[in-house]
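Trainee: Before I use these labels, I would like to know what stands behind them. Can we go through them one at a time?

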Amino acid sequence: MMNIFMRYPGQRAKALTLSYDDGVQQDQRLISIMRRHGLRGTFNINTGLFAPAEGEKGDRMTREQAINLYRESGMEVAVHASTHPYLEQLPLSLALREVMEDRAQIEAMFGGICRGMAYPYGTCSDALADGLKTCGILYARTTVSRRDFKIPDPGLRLSATCHHNDPKLMVLAEDFAARQGKAAPLLFYLWGHSYEFDRNGNWEIIENFASFLGGREDIWYATNLEIFEYIESYRLLRFSMNGKTVYNPAAVPLYFCAGGQNITIRPGETILLP
């Protein structure tokens, strides 16, 4: 049987995404940096903690500020629980209400269907992860960092590559840039809080990272949801027993490498592999 490896849109073998939490003022500067270098990502917000007026509640944005920033940014907005509690410590019904209220508000503010999440404080439990399946959540990110480029199983206990304060950030970035991605696809998944750049006085960290990894033709720059929905669609591919006939029931074109050849299969198409 020949080897078959998923590829991202455009036959790319590498993808890069960012995930930043809390919906704070500093997201404005971070998004500006990201857009300048062509990076994309996800902002996980607490819709129950908006500042009542500009300048109140510290770093928090008002509801209107958040709408104006994220709606025009081209980034994903995802769940971070309405009021940022330790969800796994709450009765499950209350924890799921925090998730669903946040999701409902995000959809009301920005339209579309919200399917992504980052856990407040990065903590979860088996019961909470199972409960999220009933809430329409496709993926939920923890704060666990792996320092590798493996695609985490698209599920409800996602780990990331690293936090932006990881001392090996640029070592990892250089390694990622050098990889050819000839076999399994790669993902650089960066997370953090943009207010940390102000508090630590180190905006140059994300500036250098974005400048170094941005604008590369071999990298797919995408939001968390775009990546995990693409993987979800890819897993719908149907192969015959001999691996030669492939059917794509998904609504998007899908890409893979089979026996060293790049293959594109359109929505609803059935093809014979060479």
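Mentor: Start with strand S13, and keep in mind that this is a predicted model. Both faces of S13 are covered: Leu-254, Phe-256 and Ala-258 are buried on one side, and Tyr-255 and Cys-257 are buried on the other.

Trainee: What makes a residue of S13 count as buried?

Mentor: Buried means under 20% relative accessible area. Five of the five residues in S13, which spans 254-258, are buried, and the strand is therefore described as mostly covered.

Trainee: How do you know that S13 pairs with strand S1?

Mentor: A pair needs at least two bridges between the strands. Four bridges join S1 (residues 4-7) to S13, so the two strands count as paired. They run antiparallel. Ile-4, for one, stands opposite Ala-258.

Trainee: And what joins S13 to strand S14?

Mentor: Five bridges, again with the strands antiparallel. With at least two required, S13 and S14 therefore count as a pair. S14 covers residues 261-265. Its Thr-264 is the bridge partner of Tyr-255, and its Asn-262 stands opposite Cys-257.

Trainee: What lies between the two strands of that hairpin?

Mentor: Two residues separate S13 from S14 in the hairpin, where Gly-259 has a positive phi near 60°.

Trainee: Why is the sheet called open?

Mentor: The order is S1-S13-S14, three strands with antiparallel pairing. S1 and S14 are at the edges with a single partner strand each, so one side of each has no neighbour in the sheet. On average, neighbouring strands here are turned by 30° against each other, direction ignored.

Trainee: Why is helix H8 described as largely enclosed?

Mentor: Because eight of its 11 residues are buried, H8 (residues 224-234) is largely enclosed by the rest of the structure. Among those buried are Leu-225, Ile-227, Phe-228, Tyr-230 and Ile-231. Asn-224 and Ser-233 are also on the buried list.

Trainee: Now the largest pocket. What makes a residue part of its lining?

Mentor: A lining residue has an atom within 4 Å of a point of the pocket. For the largest pocket, 13 residues form the lining, and Met-75, Glu-76, Val-77, Phe-110 and Gly-111 lie nearest its centre. The volume is about 170 Å³.

Trainee: Which elements supply that lining?

Mentor: Helix H2 (63-71), strand S4 (76-79) and helix H3 (92-110) each give at least two residues.

Trainee: How does the lining of the largest pocket divide by class?

Mentor: Eight residues are nonpolar, two polar and three charged.

Technical notes. Residues numbered from 1 in each chain as written. Predicted model: local features only at pLDDT ≥ 70, side-chain atom pairs only at ≥ 80, totals over all residues. Heavy atoms only, no water. 1 Å grid on protein atoms, 1.4 Å probe; cavity = no way out; pocket = protein on both sides within 12 Å on 5 of 7 lines; lining within 4 Å. Points joined across faces, edges and corners; volume = space filled by probe spheres on them. Nonpolar A, V, L, I, M, F, W, Y, C, P; charged D, E, K, R; others polar. Buried < 20%, exposed > 50% of the residue type's maximum accessible area, 1.4 Å probe, protein only. Axes fitted to C-alpha atoms, helices over the stretch in contact; angles between N-to-C directions.
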